[in-house]
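Please look at the sequence and the structure below before reading on. The paragraphs that follow lead through a few local features, one after another.

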Amino acid sequence: MLTTCLAFVAMPARAQPMSRAEARQRAEKLAALGEKLFSDPRLSGSGKLACSTCHDPAHAFAPANALPVQFGGADMSEPGRRAVPSLKYLQAVPQFTQHYFESEDEADESIDNGPTGGLTWDGRADSGHAQALIPLLSPFEMANNAPNNVVYHAIEAGYGPELTEIYGKSIISDSDATFDALLKALEVYQQSWQTFYPYSSKYDAWLAGKTKLTPQEANGLKLFEDPEKGNCSSCHFSVRANDGTPPQFTDYGMIALAVPRNPAIPANADPAYHDLGLCGPLRTDFLGRSGYCGLFRTPTLRNVATRKSFFHNGIFHSLKDAVAFYATRDTDPGRWYPRRADGSIALYDDLPARYRNNINTDPPFGGHPGDAPKLNEREINNIVAFLGTLTDGWQPAHQVASP
């Protein structure tokens, strides 16, 4: 609902505050402007990269391709460092905190879940406003050298009249204010519930009592929630929030999964380079914080079946492989990790040994090589079938009327 956006609308420079109707009108104009900006490659240094290039609306605002990282920069030849996440269902992500107190039990909020929240894989942006700034100025994304370059591109692209209509003529004479207004427009657009969090999946229809899950989907949900089997819901919450909001399928927490190193990422050609998530290198305020190394934010699983690359480094390209990794990382490590010249398995090869105490071992992880995994192939397939019900845009099958 557009009222969600009203808190994000900057007040005009005048003595009297805006009325609710005026704030709503401004939010509508900002959202419309933000939608245009989102799809306009002219805001980039190359003139070829828009937000929508990597966050494709037709693919749940994630990449349309299966590349582990996307390319950008001044000449579109600079590879990124991480897989591009979806921008859907980010509206409830809390601001980053090192100590997040909450429990699945509504009567108990005393559990310290540790580092939680924030946008991006390492939680370093606390708002859509701050998140929008990152790709605009990143040297391997939209590659603007400074905010005033973004402003220049926006004015050259013809957005001056819309900015002055919303904020008044004086906005154009203040480059900092104009840049802030552009970020605000992108933020308000991404708070449009019909587009970014419509809750229109089959699962949502089932939750509302409007359809039934197939036996395979229902079994997949049972396995997803079983703490001794998939145990997925321990991090990907599958219960309504206290206010009745449908499940977000994430607890927003930071976790170390030790996914295999991806040699397809150019940065990984340097054996000394490691993407350690919360402790750097893209996030810099926790550099050297060993207890945070290897931790990445748990994403929502909504629309996960539409993705073509999985995890922060895009190492897997099928949802079945992603689920199977959880089940067999420790019981069949040779399936996932490379072998050294001597034939031994390079276990946890993308996380230096000194940080491996951070690796999560909760079910379905755990066990030893050769042990039976927590999930067999049929059960993995059932969980994958359930995850397919989380895709937005579901429509009931057409019912043919009886003659």
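Is glutamate 165 buried or exposed? Glutamate 165 is exposed, since its relative accessible area comes to 53%; here buried means under 20% relative accessible area, exposed means over 50%, and partly exposed lies in between, with a 1.4 Å probe and protein chains only. Before going further, the reader should know that this is a predicted model, in which local features need pLDDT of at least 70 and side-chain atom pairs count only at pLDDT 80 or more, while totals for chains, interfaces and linings use all residues. Residues are numbered from 1 along each chain as its sequence is written, and side-chain values use heavy atoms, with hydrogens and water left out.

Glutamate 165 is also a good place to begin with charged pairs, for it forms a salt bridge with lysine 29, and the closest N and O atoms of the two are 3.3 Å apart. A salt bridge, in this text, is a side-chain nitrogen of Lys or Arg within 4 Å of a carboxyl oxygen of Asp or Glu. The pair links distant parts of the chain, with glutamate 165 in helix 5 (residues 160-167) and lysine 29 in helix 1 (residues 20-38), 136 residues apart. Helices (H or I, at least four residues) and strands (E, at least two) are DSSP runs, numbered from the N terminus. Lysine 29, for its part, is partly exposed, with a relative accessible area of 29%.

In total, the structure holds 15 salt bridges. One of them brings together the side chains of aspartate 40 and arginine 42, at 2.8 Å from N to O; aspartate 40 is buried, at a relative accessible area of 5%, whereas arginine 42 is partly exposed, at 44%. Another is formed by lysine 184 and glutamate 187, whose closest N and O atoms are 3.8 Å apart. Because lysine 184 and glutamate 187 lie three residues apart in helix 6 (residues 175-189), about one helical turn separates them. Both ends of this bridge are buried, lysine 184 with 15% relative accessibility and glutamate 187 with a relative accessible area of 4%. Elsewhere, Arg82, Asp122, Arg124 and Asp275 are joined into one network by salt bridges that share partners.

From charged pairs we turn to the cysteines. A disulfide is a covalent bond between the sulfur atoms of two cysteines, and the cut-off used here is a pair of cysteine sulfur atoms within 2.5 Å. The structure holds one disulfide, which joins cysteine 279 to cysteine 293 with an S to S distance of 2.1 Å. Cysteine 279 and cysteine 293 are 14 residues apart, and each is placed in the loop between strand 3 and strand 4. The torsion about their S-S bond is about 110 degrees, so the disulfide is right-handed. Cysteine 279 counts as buried at 4% relative accessibility, and cysteine 293 is buried as well, with a relative accessible area of 0%.

Other cysteines can be set beside this pair. Cysteine 51 is in no disulfide, for the nearest cysteine sulfur, that of cysteine 54, is 8.9 Å away; cysteine 51 nevertheless counts as buried, at 14% relative accessibility. Why does the sulfur of cysteine 235 form no bond with that of cysteine 232? The sulfur of cysteine 232 is the closest cysteine sulfur to that of cysteine 235, but at 9.2 Å it is too far for a bond.

The last topic is the backbone. Most residues other than glycine have a negative phi, and most peptide bonds are trans. A cis peptide bond, with omega about 10 degrees, joins glycine 280 and proline 281, and proline 281 has its place in the loop between strand 3 (254-255) and strand 4 (296-297). The peptide bond from proline 363 to proline 364 is also cis, with omega near 10 degrees; proline 364 is located in the loop between helix 10 (319-328) and helix 11 (377-387).

Two alanines have a positive phi. Alanine 258, in the loop between strand 3 and strand 4, has a phi of about 60 degrees although it is not a glycine, and it counts as buried at 11% relative accessibility. Alanine 60, found in the loop between helix 2 (51-54) and strand 1 (71-72), has a positive phi near 55 degrees, and alanine 60 is buried, with a relative accessible area of 10%.
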